[in-house]
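Biologist: I am new to this protein and would love a close look at one part of it. Could you take me through that part slowly and then show me how it fits into the rest?

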Amino acid sequence: MKYISITIFLFTTLLFAQDREVIPVSKTEFVYINKQGVEHEIDMTGKDFILVSVREEDSDGRFYAVDRDGTVWLSGGISSGEEVEFTPSGKWKVLWKKRYYTSKKYPEEDGSNNMNYSIFFTRWGHALHKGSIDHTSHGCIHVDHADIQLLFKWAKVGMPVLVTRHKYIRYARPDLKRIYLRGENYRRKRRR
């Protein structure tokens, strides 16, 4: 009986452990809080990465593609999981990519590919993929068709994917104004 109580306690503790957290502090610096509540600094300076600010009350509901020179060169609206726990926040990486893919857990009735341009970032099947940004997902990140094609081509296996429940727009705004309002094409800066 004692072992059953300990097992239930451990299971409950793991089940309700503090969620991972990524908090932006600059365009390329973040505070990461793991499931045990331990804080780590993350410096993404000099790295290509994708940041997703999920679609919730205190977030942006956008993805951001940040080039290794620190420039946000692509951004667009997204939709994410219906419930907070459906789309996990944290520091992940691109595990694999698949151009045509059908969800095994939530397939379309007609058998069509419903997760085209999938960029998988968790072992549980969470991915950024083509989907309606007007409707919530089962946990994946839906990205508009035109944006996901560019993101899919740019993303590489192993590239960091940061998912946050905080706003990032204040760090991205200058780049987004330059690219989207002034119409300037983005060119990667040369490394010296």
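Is W96 buried, partly exposed or exposed, and what is its relative accessible area?

Modeller: Happy to help, and please keep in mind that this is a predicted model. W96 is partly exposed, with a relative accessible area of 36%. Buried would require a value under 20%, and exposed a value over 50%, so 36% falls in between.

Let us look at the company this residue keeps. A search of the whole structure turns up ten aromatic pairs. In one of them, the ring centres of W96 and Y101 are 5.8 Å apart and the planes stand at 80°, so this pair is edge-to-face. Y101 itself counts as buried, at 15% relative accessibility. W96 also forms an aromatic pair with F120, and that one is stacked: the centres are 4.0 Å apart, with 10° between the planes. Because W96 belongs to strand 8 and F120 to strand 9, the stacked pair ties together parts that are 24 residues apart in sequence. F120 is buried, with a relative accessible area of 3%. If you are wondering how to read such numbers, a pair of aromatic rings is described by the distance of the centres and the angle of the planes.

Now step back to the sheet around W96. It is an open sheet of nine strands in the order 7-12-4-5-6-11-10-9-8, and the pairing is mixed. Strand 7 (90-93) and strand 8 (96-98) are found at the edges; each has a single partner strand, so one side of each is left without a neighbour in the sheet. On average, neighbouring strands here are turned by 25° against each other, direction ignored. Further along the order, strand 4 and strand 5 run antiparallel and are joined by five bridges. One bridge partner to look for is V66 in strand 5, which goes with F49.

Two helices pack on this sheet. Helix 2 touches strand 4, strand 5, strand 6, strand 8, strand 9 (118-120), strand 10 (127-130) and strand 11, and its direction makes about 130° with that of strand 6. Helix 3 (residues 169-181) touches strand 5 and strand 6, with its direction at about 110° to that of strand 6.

After helix 2 comes a loop that leads to strand 12, and G158 lies in it. G158 is partly exposed, with a relative accessible area of 40%. Its C-alpha atom is 6.2 Å from that of L95, although the two residues are 63 residues apart along the chain. Not counting residues up to four places away in sequence, G158 touches K93 and V94.

Next, the interior. In soluble globular proteins, nonpolar side chains tend to be buried together. In this model, the largest nonpolar core has 25 residues, and those with the most contacts inside it are I50, V52, I119, L128, L151 and V161. Strand 4 (49-53), strand 5 (62-66), strand 6 (72-79), strand 11 (141-143), helix 2 (145-154) and strand 12 (160-164) each give two or more residues to this core. Helix 2 gives the most, with four residues. For a single example, take V52: leaving aside neighbours within four places in sequence, V52 is in contact with R62, F63, I78, L128, I141, L162, V163 and T164. There is also a second, separate core of 15 residues, which includes V22, I42, M44 and Y168.

S53 is worth a visit too, and its place is in strand 4. At 0% relative accessibility, S53 counts as buried. Beyond its neighbours within four places in sequence, S53 is in contact with S59, D60, G61, R62, Y64, I78, T164, H166 and K167. Y64 appears again in an aromatic cluster, formed together with F30, F49, Y168 and Y171.

Finally, here is the setting for all of these details. The protein has three helices and twelve strands. Of its 192 residues, 44% count as buried. Its accessible surface comes to about 11600 Å², of which 53% belongs to carbon and sulfur atoms. Among contacts in the protein with a separation of 6 or more, 57% are between residues 24 or more positions apart.

Terms used. Residues are numbered from 1 along each chain as its sequence is written. This is a predicted model: local features need pLDDT of at least 70, side-chain atom pairs count only at pLDDT 80 or more; totals for chains, interfaces and linings use all residues. Side-chain values use heavy atoms; hydrogens and water are left out. A nonpolar core is a set of buried Ala, Val, Leu, Ile, Met, Phe, Trp, Tyr and Cys residues joined through side-chain atoms within 4.5 Å. Buried means under 20% relative accessible area, exposed over 50%, partly exposed in between (1.4 Å probe, protein chains only). Contact means heavy atoms within 4.5 Å. Accessible areas come from the Shrake-Rupley method with a 1.4 Å probe; for residues, only the protein chains shown count as cover. Two strands pair if DSSP finds at least two bridges between them. Axes are lines fitted to C-alpha atoms, for helices over the stretch in contact, and angles run from 0 to 180 degrees between N-to-C directions. Rings of Phe, Tyr and Trp (its six-membered ring) pair if their centres lie within 6.5 Å; planes under 30 degrees apart count as stacked, over 60 as edge-to-face and the rest as tilted.
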